[in-house]
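This briefing goes through a protein model by topic, for a reader at the bench. Please keep the sequence and the structure in view while reading.

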Amino acid sequence: MNDNMIGNLPQNINKESNSPKSDAHEITKVVKHGSRIVGYELENGHQVDKFAAVEMAKNGDIKGVGVSVSSKGEEYLRSLPDDNESNNLRNLPTVKIQS
């Protein structure tokens with residue numbers, strides 16, 4: 001067992017975030033403009049842009065995700081590994097928005 005890993009991912013791939021609160025939301029859909037992720041839809045039907053979602057995750061208001069930093073220095077959400085592929089962000093239903 002490798003203590004520096006979470007599933008198949010390195011532990012330090014995600015930034016430190018608060019643990020999810022007991023009433024934390026769950027992301028149920030990914031909102032895209034073209035192929036670009038611009039936001040997320042929560043289980044209550046509310047849509048939040050990706051920047052608000054990152055802040056919510058940092059504050060423990062969204063469960064099942066961690067905050068990572070891209071090579072461009074931009075923060076984004078990643079699914080936390082839990083052996084359930086169906087709840088990974090890339091496998092969630094998509095809501096397409098038009099310009």
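In what order do the 4 strands of the open sheet lie? The order is 5-4-3-8, and the pairing is mixed. The model is a predicted one. The points below cover the sheet, a second strand pair, the helix, the nonpolar core and the salt bridges.

**The open sheet**

- Strand 5 (47-49) and strand 8 (94-96) are the edge strands, each pairing on one side only.
- From one strand to the next, the twist averages 35°.
- Strands of a sheet pair through backbone hydrogen bonds, and the sense can be parallel or antiparallel.
- Strand 3 (residues 27-33) pairs with strand 4 (residues 36-42) in the antiparallel sense, over 6 bridges.
- Within this pairing, Val-30 has Tyr-40 of strand 4 as its bridge partner, and Val-31 has Gly-39 of strand 4.
- Strand 3 and strand 4 form a hairpin with 2 residues between them. Gly-34, in the turn, has a positive phi of about 65°.
- Strand 3 also runs parallel to strand 8, to which 3 bridges join it.
- Val-31 stands opposite Val-95 of strand 8, in addition to having Gly-39 of strand 4 as a bridge partner.

**The pairing of strand 6 and strand 7**

- Strand 6 (65-69) and strand 7 (residues 75-79) run antiparallel and are joined by 5 bridges.
- The bridge partner of Gly-66 in strand 7 is Arg-78.
- These two strands form a hairpin with 5 residues between them. Gly-73, in the turn, has a positive phi of about 85°.

**Helix 1 and the nonpolar core**

- Helix 1 (residues 50-58) lies across strand 4 and strand 5. Its direction is at about 95° to strand 5.
- The largest nonpolar core has 15 residues. The members that touch the most other members are Ile-27, Tyr-40, Ile-62, Val-65, Leu-77 and Leu-89.
- At least two residues of this core come from each of strand 3, strand 4, helix 1 and strand 6.
- Helix 1 supplies the largest share of this core, 4 residues.
- Which residues does Ile-27 contact, leaving aside its neighbours within four places in sequence? They are Tyr-40, Glu-41, Leu-42, Ile-62, Val-65, Leu-77, Leu-89 and Leu-92.
- Tyr-40 therefore appears in two settings: Tyr-40 is the bridge partner of Val-30, and Tyr-40 belongs to the core.

**Salt bridges**

- The structure holds 5 salt bridges. Side chains of opposite charge can pair when their charged atoms come close.
- Asp-61 forms a salt bridge with Lys-21, with the closest N and O atoms 2.9 Å apart.
- This pair links distant parts of the chain, 40 residues apart. Asp-61 is in the loop between helix 1 and strand 6, and Lys-21 is in the loop between strand 2 (9-10) and strand 3.
- Asp-61 is partly exposed, at a relative accessible area of 21%. Lys-21 is also partly exposed, at 42%.
- Lys-29 forms a salt bridge with Glu-41, and here the closest N and O atoms are 3.9 Å apart.
- Lys-29 is in strand 3 and Glu-41 in strand 4, so this salt bridge ties together parts that are 12 residues apart in sequence.
- Is Glu-41 buried or exposed? Glu-41 counts as buried, at 13% relative accessibility, while Lys-29 counts as partly exposed, at 31%. The cut-off for buried is under 20% relative accessible area.
- Glu-41 is also among the contacts of Ile-27.
- Lys-58 forms a salt bridge with Glu-55, with the closest N and O atoms 3.4 Å apart.
- Lys-58 and Glu-55 are 3 residues apart in helix 1, so about one helical turn separates them.
- Both residues count as partly exposed: Lys-58 at 22% relative accessibility and Glu-55 at 39%.
- Glu-55 and Lys-58 are linked with Glu-75 in a network of salt bridges.

Notes. Residues are numbered from 1 along each chain as its sequence is written. This is a predicted model: local features need pLDDT of at least 70, side-chain atom pairs count only at pLDDT 80 or more; totals for chains, interfaces and linings use all residues. Side-chain values use heavy atoms; hydrogens and water are left out. Two strands pair if DSSP finds at least two bridges between them. Axes are lines fitted to C-alpha atoms, for helices over the stretch in contact, and angles run from 0 to 180 degrees between N-to-C directions. Contact means heavy atoms within 4.5 Å. A nonpolar core is a set of buried Ala, Val, Leu, Ile, Met, Phe, Trp, Tyr and Cys residues joined through side-chain atoms within 4.5 Å. Buried means under 20% relative accessible area, exposed over 50%, partly exposed in between (1.4 Å probe, protein chains only). A salt bridge is a side-chain nitrogen of Lys or Arg within 4 Å of a carboxyl oxygen of Asp or Glu.
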